[in-house]
Amino acid sequence: MTMKNLTDVEIIESVKKGNQADYAVLIDRYKNKAFTMLKRMLKNEFDAEEVLMDCFLKAYNSINTFKFESKFSTWFYRIVYNTALTRLSSTKRKIESKMSSIDDLHYLQSSYSADEFIDRENSLLIKKIVNELPSKNAAVVSMFYLEEMSCEEISEVLEISTANVKVILHRSRNLLRDIIEKRNLLKEVL
């Protein structure tokens with residue numbers, strides 16, 4: 001049986017026993033989703049890469065404190081989310097209150113026709129719009145729709161109530177709808 005077929009728990013137990021190289025399997029398993037979440041929160045690919053490395057180091061250095069009370073993914077995403085928040089506050093970015101101006105969004109002109117919003121283009125556009133959301137909203141939308149995490153799992157990661165997760169999801173959907181309506185996007189699709 002190869003390492004890739006092992007569960008997170010089996011890999012963590014192996015790492016705890018001193019097989020540090022096995023940690024690479026966990027990195028491979030979670031790097032893409034964590035990177036996507038960080039890009040949405042930090043609005044910057046370079047910062048996202050840097051923070052992702054920090055997160056994997058933090059998780060590795062804390063692996064002995066992992067108690068298997070929650071899934072590894074939940075525990076790891078909590079590290080990712082908190083590290084991103086620390087980065088945002090330490091660099092004094094006010095992403096929560098700052099939305100991009102329409103002028104900066106030249107790629108979202110209203111000259112699109114419905115034909116252009118097929119599969120890939122549509123999903124790229126939606127991703128760009130999600131990137132405009134405040135950090136916490138972008139994180140929740142990423143976890144819910146891309147990671148397909150439940151509201152309960154997201155509440156564990158963010159250490160807030162499930163009700164609050166649902167409120168953030170609801171507000172995020174409204175923000176997305178407002179952005180789309182303001183730009184006159186997807187008018188023939190929605």
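**Figure 1. Lys-43 sits in the loop between H2 and H3.** This predicted model gives us a friendly place to start, at a residue with an unusual entry in its backbone angles. Lys-43 has a positive phi of about 60°, although Lys-43 is not a glycine. Its relative accessible area is 31%, so Lys-43 counts as partly exposed.

**Figure 2. Glu-159 lies in the loop between H7 and H8.** Here is another residue to check if you like to look at backbone torsions. Glu-159 is not a glycine, and its phi is positive, near 55°. With a relative accessible area of 56%, Glu-159 is exposed, whereas Lys-43 is partly exposed.

**Figure 3. Phe-35 belongs to helix H2.** Is this side chain's residue buried or exposed? Phe-35 is buried, because its relative accessible area of 18% falls under the 20% limit. Setting aside neighbours within four places in sequence, Phe-35 is in contact with Glu-45, Ala-48, Glu-49 and Leu-52. For one of these partners, Glu-45, the separation from Phe-35 is 10 residues in sequence and 8.5 Å in space, taken from C-alpha to C-alpha.

**Figure 4. Helices H1 and H2 pack against each other at an angle of about 145°.** The axes of H1 and H2 are 9 Å apart. From H1, the residues that make the contact are Asp-8, Ile-11, Ile-12 and Val-15. H2 answers with Tyr-23, Val-25, Leu-26, Arg-29 and Tyr-30. Sorted by class, this contact of H1 with H2 holds 7 nonpolar residues, 2 charged residues and no polar ones.

**Figure 5. The largest nonpolar core of the model brings together 42 residues.** Which residues have the most contacts inside this core? They are Met-37, Leu-38, Phe-72, Phe-76, Tyr-77 and Met-143. Two or more core residues come from each of H1 (8-16), H2 (23-42), H3 (45-61), H4 (72-90), H6 (135-146), H7 (151-158) and H8 (162-182). The largest share, 10 residues, is supplied by H2.

**Figure 6. Met-37 offers a closer look at the contacts of one core residue.** Residues up to four places away in sequence are not counted here. Beyond them, Met-37 touches Tyr-77, Val-80 and Tyr-81, and also Ala-139, Ser-142 and Met-143. A second core, separate from the largest one, has 8 residues, including Ala-138, Val-141, Ile-179 and Ile-180.

**Figure 7. Cys-55 and Cys-151 are shown together with the disulfide count in mind.** The relative accessibility of Cys-55 is 0%, so Cys-55 counts as buried. Cys-151, at 11% relative accessibility, counts as buried too. How many disulfides does the structure hold? The number is 0.

**Figure 8. The whole protein chain has 8 helices and 0 strands.** Along the sequence, the pattern reads α-α-α-α-α-α-α-α. Of the 190 residues in the protein chain, 41% are buried. Taking contacts between residues at least 6 apart in sequence, 68% join residues at least 24 apart. The accessible surface of the protein chain is about 10,900 Å², and 52% of this surface belongs to carbon and sulfur atoms.

Key:
Residues are numbered from 1 along each chain as its sequence is written. This is a predicted model: local features need pLDDT of at least 70, side-chain atom pairs count only at pLDDT 80 or more; totals for chains, interfaces and linings use all residues. Side-chain values use heavy atoms; hydrogens and water are left out. A nonpolar core is a set of buried Ala, Val, Leu, Ile, Met, Phe, Trp, Tyr and Cys residues joined through side-chain atoms within 4.5 Å. Buried means under 20% relative accessible area, exposed over 50%, partly exposed in between (1.4 Å probe, protein chains only). Helices (H or I, at least four residues) and strands (E, at least two) are DSSP runs, numbered from the N terminus. Contact means heavy atoms within 4.5 Å. Axes are lines fitted to C-alpha atoms, for helices over the stretch in contact, and angles run from 0 to 180 degrees between N-to-C directions. Ala, Val, Leu, Ile, Met, Phe, Trp, Tyr, Cys and Pro count as nonpolar, Asp, Glu, Lys and Arg as charged, and the others, Gly among them, as polar. Accessible areas come from the Shrake-Rupley method with a 1.4 Å probe; for residues, only the protein chains shown count as cover. A disulfide is a pair of cysteine sulfur atoms within 2.5 Å.
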